[in-house]
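Please open the structure in your viewer and keep the selection panel at hand. The stops below say what to select next and what is there.

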Amino acid sequence: MKAVEFIEVTRKFGNFKANDEISFDIKSNDVHCILGENGAGKSTLMNILFGIIKKDSGKMKIFGEEKDFKSPLDAIKNGIGMVHQHFMLIEDFTVLENVILGNEITLKTGIDFKRSELILNELVEKYSLGLDVNARISELSIGQQQKVEILKLLFRESDILIFDEPTAVLSPVETDRFFKIIGTFKNDGKTIIFITHKLNEVKYISDRVSVLRKGKLVYESDNADKDLNIPELSRAIVGELSEISNPVKRAAEINTSDAVVLENINLVLNELNVLNGLDLKLKKGEIHGICGVEGNGQSGIVDVIYGIEKNFTGSFKKYIEGGISLVPDDRKRKGFIKEYNIGENISLKGKNLNYLPEKRINEISGKIISENDIRVSDIESPMGDLSGGNQQKVIFARESDSENYVIVLVHPTRGVDINASAFIHGRILKLRNEGKAVLVISSDLDELILLSDRLSVLYKGKILKTFARKDFSGYIKEENEVELTADPDFLQSIGKLMTGITDE
Amino acid sequence: MNRKSLINLISVSLSVIVTLLIIFILLLILNKDPFLIFSKIFSEVFADGYGIGQTLFKATPLIFVSCGLAVCFHASIFNIGAEGQLNAGAFVTALVALKLDFLPFPLLITVSLICGFIISGIFGLIPAYIKIKKDVSEVITTIMMNFIILALVNFFLLDFFAVKSTMRTEKISANFMFLKMEDVIPFFQGSSLNISFLLALLLAFLMYMFIYKTGFGYKLRSVGFNEIASRYLGIRTNAVIMISFFIGAGITSLAGMNYIFGYKGFYEFGFSNNIGFTAIAVTLLARNNPIGIIFSSLLFAVLDYGGLSVNQLVPKELMLVVQGIIILSLLAVDKLVNNYFRGKIVS
């Protein structure tokens, strides 16, 4: 039985074909992974399936019946549910209020909250979601918020569930729990469509994979026996690996000296202990990685080091001249002005800012574009028109080209495709080799293991433990390879620390 | 001209055309002859030098106030308080000019304008401070400040400075009045047009340079586009907001120059005739561009002055309707035009 059939689905934006005659089937009760780089057309296809975007031509069948959804409401009525990458929740509403919104069970006198609560509690129990349905969204962690989104789908009794990069924001432990929930869905006979960048997960969870590249279907494979050919898959995703063929090697350890030292830092914001006696030492010529579940003080560390937050206690010492560079976590909000073009964004950060003539701005743009392999149709395009990976390359170039000897990078490759990730990773190693002090805060453990000279685990505003590279380097197969597998035992011990479990 | 300005120009022109079409239809529904009305408006304005002069005279304060608002709007400060700010500034300008009449002409003008600028600017700093410290929207505070400022001006004027049984100050000496354009160019015979208009053009040009070509203007627009990113980029955003509010509100005070030094020689309560609000429409139509403000001010001045001539045919409130429709159609057309030219790639 086929749950979804795409038949020559095409969607254009201007001259750009986001989906180019895509045809494939999704079997009922499968976990079907859809892979591809940013801009490959995955989200467009899913948005067509969910009724957000209309297709230009082609057909789409749901359980054998031809459908053309006019709106998400239309898709929801047909049993399709979607968990977006950015959650669609109302912060000031409770879990219950969010879930029933749009599908309220009503009495003559209004909404039947009692019955709704009963139904939700049953669902929470059945799928062991561990949610308090009367909690406010603003009190929940990212992982819990995702469960609220899942609860929404269950409440609406959706049969086809679409997840757009669900694990990007989850810690290893949360990811495990999430996969268990997916397993329950499968046992219930639901069809799951899963978009991700993480190939390990694909191999672990999927029954079948489809790969899109430049709007076309380029690869399909069965994975019922979990025997997916990962190298073949990654080649299908990226096409040619232009950057990876020329990797930057980690230079031998340089004589490291302290650059920035934080001792016993406490930071309280809105009566919450953001940082709780934090000790952190950044050294020249060293990449210091920080892992941890989001919301454990990552942004506090950044704001203290970068000087945005001044109301902290403890000692903050900087041993080198010059400023601090920052690649912020939320690039759209903090990283650039989307209305300005590349050159304008670059020169905005310069000291003694004066008016630069257009010609000079374009020179700067041209230099950045050619040095960083940025794809842009027009040199004067505003930054907002660039893809996420290209935006990140611009920000990265701006921050790393400066004379600053301390560089803070937060999620340097989040939402960035494999080619651009490899490029950025190479540049980070280069900065280290040049003797700069680099701090990398990320939720991608593979990335941290690949890059870090020292790796610290952050929990509730405090560093629980710091590993030296020799503690984990033995587990790495080979550096700068596309696929990197760290030792599962090591991952597990880090995962435990991230949830606050210390064995000692 | 780059692509973006071209798109802006297209969307602004289209929205003006759409507005005219809607008015056209509206007049038909009211059973009036739109051709007659439009031709009357235009013949009133363009028939002779007097009509043109009066229209430029009416455009002058609009250009001043709108240039001030453009500074605020570029920093994403939606200043609705120009009406109050400009009255406070103009009142003080007239008072200073009256009290310091021993000064030589250029110095007196400069000092009194600067005093007016500072007073208006300070009234702009109050909502700016509340916005920064308490995160209260400037839309609300500036609207409320209008009532407060106008009441204060009224109180001080009537109780201390007004000529008996009028709403105006004493008249300043004729030595301090601006040159009338009719004295230089006889074409403008009889109109009140004076060199304030040329100063307004100069200011628009300077503000264009300031906003688009200086380092501060660059920061100002960054803050307007994305305040959080600007802070992370090392811009002192609160300082930028305070300064922009001060400058923007200060400039609105210059609207008084045209009336006090160029026309009547005194400050009169109610002289502003809501230009503080009309200027919002003018500025939005110009997409906050000071050069564009010159043209949109002229358009509004044509409607205002030409509108007088059709007073018997249609109520003069029709011109308010035009202002409203222009803003609405601008918002609607702008979206359409931008989507059409964008070919935005969603992935």
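Begin by selecting chain B and turning on its surface: chain B exposes about 16000 Å², and carbon and sulfur atoms supply 68% of that area (accessible areas come from the Shrake-Rupley method with a 1.4 Å probe, and for residues only the protein chains shown count as cover). This is a predicted model, in which local features need pLDDT of at least 70 and side-chain atom pairs count only at pLDDT 80 or more, while totals for chains, interfaces and linings use all residues. Residues are numbered from 1 along each chain as its sequence is written, chains are lettered from A and ligands numbered from 1 in the order in which they are written, and side-chain values use heavy atoms, with hydrogens and water left out.

Now switch chain B to a cartoon, where the secondary structure comes to 15 helices and zero strands (DSSP runs numbered from the N terminus, with helices being H or I of at least four residues and strands E of at least two). Taken along the principal axes, the C-alpha atoms of chain B fill a box of roughly 70 × 55 × 35 Å. Of the 347 residues of chain B, 50% count as buried, a word that stands for under 20% relative accessible area, with exposed meaning over 50% and partly exposed in between (1.4 Å probe, protein chains only).

For a closer stop, select helix α12 of chain B, residues 255–264, in which Met257(B) lies. Is Met257(B) buried or exposed? Met257(B) has a relative accessible area of 4%, and therefore it is buried. Show next what surrounds Met257(B): leaving aside neighbours within four places in sequence, it is in contact with Phe64(B), Leu113(B), Phe178(B), Ser196(B), Leu199(B) and Gly262(B), where contact means heavy atoms within 4.5 Å. Then add Phe78(B), which is 179 residues from Met257(B) along the chain, with 24 Å between their C-alpha atoms.

Move on to chain A, whose secondary structure comes to 17 helices and 21 strands, and whose C-alpha trace spans about 65 × 50 × 50 Å along its principal axes. Buried residues make up 53% of the 504 residues in chain A.

Finally, colour chain A by domain: domain 1 covers 2–79 + 158–238, domain 2 covers 90–157 and domain 3 covers 258–498, with bounds that come from an automatic or database domain assignment. How far apart do the C-alpha centres of domain 2 of chain A and domain 3 of chain A lie? These two centres lie 36 Å apart.
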